[in-house]
Amino acid sequence: MLIEIKVPQLAEGTPEGTLAAWHVKPGQAVKRDQNLCDIETDKVVLETPAQGDGVLVEIKIQSGATVTSGVVLGVIDTEAKAGASAVGANPAAQPVATQGAAHSAPIANASTALPAAKKMMADQGIDPASVQGTGRGDRITKGDVIAATEAKATGGAGLTAQAVAAPSASGAAPTAPRVTVPLGNRPEQRVPMTRLRARVAERLVQSQSTAAILTTFNEVNMKPVIDLRTTYKDKFEKVHGVKLGFMSFFVKAAVHALKMYPVVNASVDGNDIVYHGYYDIGIAVGSPRGLVVPILRDCDQMSIAEIEKQIADYGKRAGEGKLGIEELTGGTFTISNGGTFGSMLSTPIINPPQSAILGVHATKDRAVVVDGQIVVRPMNYLAMSYDHRIIDGREAVLALVAMKDALEDPARLLLDL
């Protein structure tokens with residue numbers, strides 16, 4: 001029996017995606033629920049599981065193609081044996097098995113190259129047969145192409161336009177060269193943006209072009225939070241099964257301030273201000289695919305332990321590309337922790353349609369004045385960007401001060417004061 005592999009139903013507002021990569025080749029055996037390929041959308045990567053045991057006998061859509069819901073990507077034969085090919089299978093999707101043909105190896109290598117690597121080889125005039133693939137299933141990656149380019153340049157023969165334009169063996173007229181200068185030891189590559197990267201870029205430009213963004217700053221003495229964490233972190237992990245970090249305190253401090261100044265938790269809709277009676281905090285997380293912002297729902301009703309567990313889960317699944325579309329949608333306020341990477345100060349960009357975002361930075365020991373004495377304290381600089389169209393400076397500054405006060409006296413967060 002033949003089973004069609006189809007694109008899963010994409011989320012509303014996401015009309016199309018990109019076939020990121022196949023994980024199996026034609027002729028290979030597959031198991032039910034095995035992930036066959038990845039579909040990348042604006043927000044998430046969707047897995048496409050096999051609907052039954054069998055052999056992948058045909059690939060209809062190649063990696064890098066744009067696809068929509070329900071499109072047939074390939075075919076599984078439940079009665080075929082591994083190594084068999086289907087009659088009428090797409091020849092471009094299958095490895096070339098003919099021995100001795102001068103073009104066999106290049107075609108076989110080209111078909112197993114990842115999209116970015118394939119484009120890079122075409123741009124630089126590199127023969128796919130000369131590149132050794134190190135990716136999954138011997139696929140050629142960008143790193144493989146760069147390594148091949150550097151090896152060739154080191155050997156003293158830089159790639160030139162003349163090499164690309166050399167006559168073919170058949171005597172056919174060469175195509176117009178795409179490389180116009182010697183590469184030498186200065187390789188470069190052109191890689192298309194992923195859908196996620198393009199979407200992030202679009203939203204950030206939208207934010208800066210539609211909102212009146214202003215940023216206010218303050219400094220926080222983190223010693224009380226650090227002391228509290230040092231005292232209870234071991235017992236906390238033993239009881240709750242998760243490490244006690246700092247982000248849960250920032251989330252609680254943000255909710256504390258948003259309750260005091262509801263306009264900071266609001267959003268703009270045309271000529272209306274929408275005040276949200278709930279607190280859904282987005283936590284900016286770096287992932288291999290780029291920046292994602294999963295949402296902690298109803299943070300005012302979550303305990304410190306629940307927040308830490310949710311953040312740990314989001315961080316793990318972001319790295320694996322397994323966050324769901326519903327987990328990345330919505331949010332009334334965002335926290336971005338650049339301090340994880342060593343940032344000392346920044347002016348974060350608002351995540352539309354929200355009206356404010358908190359930037360957290362690295363905590364460093366600094367000399368400060370306390371009660372007229374110069375002492376050393378672990379200080380963190382907070383930055384809150386806000387939409388001046390609806391949030392006045394007074395509310396923005398006071399909201400950030402409220403966060404500062406809560407962090408410098410964390411007992412208030414636990415007692416809800």
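## Loops, sheets and a pocket

With a relative accessibility of 31%, Asp298 counts as partly exposed; buried here means under 20% relative accessible area, exposed means over 50%, and partly exposed lies in between, with a 1.4 Å probe and protein chains only. The structure is a predicted model, in which local features need pLDDT of at least 70 and side-chain atom pairs count only at pLDDT 80 or more, while totals for chains, interfaces and linings use all residues. Residues are numbered from 1 along each chain as its sequence is written, and side-chain values use heavy atoms, with hydrogens and water left out.

**Backbone details in the loops**

Asp298 also has a backbone worth a look: its phi is positive, about 50 degrees, although the residue is not a glycine. Asp298 sits in the loop between strand E15 (295-296) and helix H8. Helices (H or I, at least four residues) and strands (E, at least two) are DSSP runs, numbered from the N terminus.

Asp371 also has a positive phi without being a glycine, near 55 degrees. You will find Asp371 in the loop between strand E18 (364-370) and strand E19 (373-387). Is Asp371 buried or exposed? Asp371 is exposed, with a relative accessible area of 76%.

A third loop holds a cis peptide bond, from Pro352 to Pro353, with omega near 5 degrees. Pro353 belongs to the loop between E16 and strand E17 (356-360).

**The protein as a whole**

Ten helices and 19 strands make up the secondary structure of the protein. Of its 417 residues, 41% count as buried. The accessible surface comes to about 21,700 Å², and carbon and sulfur atoms hold 53% of that area; the areas come from the Shrake-Rupley method with a 1.4 Å probe, and for residues only the protein chains shown count as cover. Among contacts (heavy atoms within 4.5 Å) with a separation of 6 or more, 63% are between residues 24 or more positions apart.

**Two open sheets**

One open sheet has four strands in the order E1-E8-E6-E3, with antiparallel pairing. Its edge strands are E1 and strand E3 (29-30), each pairing on one side only. Two strands count as paired if DSSP finds at least two bridges between them.

Strand E1 (residues 2-6) has alternating side chains: Ile3 and Ile5 point to one face and are buried, whereas Leu2, Glu4 and Lys6 point to the other and are not. Val75 of E8 is a useful landmark, for it stands opposite Glu4 and is also the bridge partner of Glu58.

Another open sheet, also of four strands, runs E5-E4-E2-E7 with antiparallel pairing. Strand E5 (45-49) and strand E7 (66-67) are its edges, and each has a single partner strand, so one side of each is left without a neighbour in the sheet. Within this sheet, Gly17 stands opposite Val67 in E7.

Here are some of the antiparallel pairs.

| Strand | Partner | Bridges |
|---|---|---|
| E1 (residues 2-6) | E8 (residues 72-77) | five bridges |
| E6 (residues 54-59) | E8 | four bridges |
| E2 (residues 17-22) | E7 | two bridges |

**The largest pocket**

The largest pocket has a volume of about 1,200 Å³. On a 1 Å grid over the protein atoms alone, a pocket is an open set of points where a 1.4 Å probe fits, with protein on both sides within 12 Å along at least five of seven lines, and lining residues have an atom within 4 Å of a point. Grid points are joined across faces, edges and corners, and the volume is the space filled by probe spheres set on them.

Which residues lie nearest its centre? Of the 50 lining residues, these are Ile283, Ala284, Leu291, Val292 and Val293. Elements that each supply at least two lining residues include helix H5 (195-210), strand E13 (285-287), strand E14 (290-292), helix H8 (304-320) and strand E16 (333-337). H5 gives the most, with six residues. By class, the lining has 24 nonpolar, 16 polar and ten charged residues; Ala, Val, Leu, Ile, Met, Phe, Trp, Tyr, Cys and Pro count as nonpolar, Asp, Glu, Lys and Arg as charged, and the others, Gly among them, as polar.

**Around Ile213**

Ile213 lies in strand E9 (residues 213-221) and is partly exposed, at 30% relative accessibility. Leaving aside neighbours within four places in sequence, Ile213 touches Ser207, Gln208, Ile349, Ile350, Ser385 and Tyr386. The C-alpha atoms of Ile213 and Pro348 are 9.6 Å apart, with their positions 135 residues apart along the chain.
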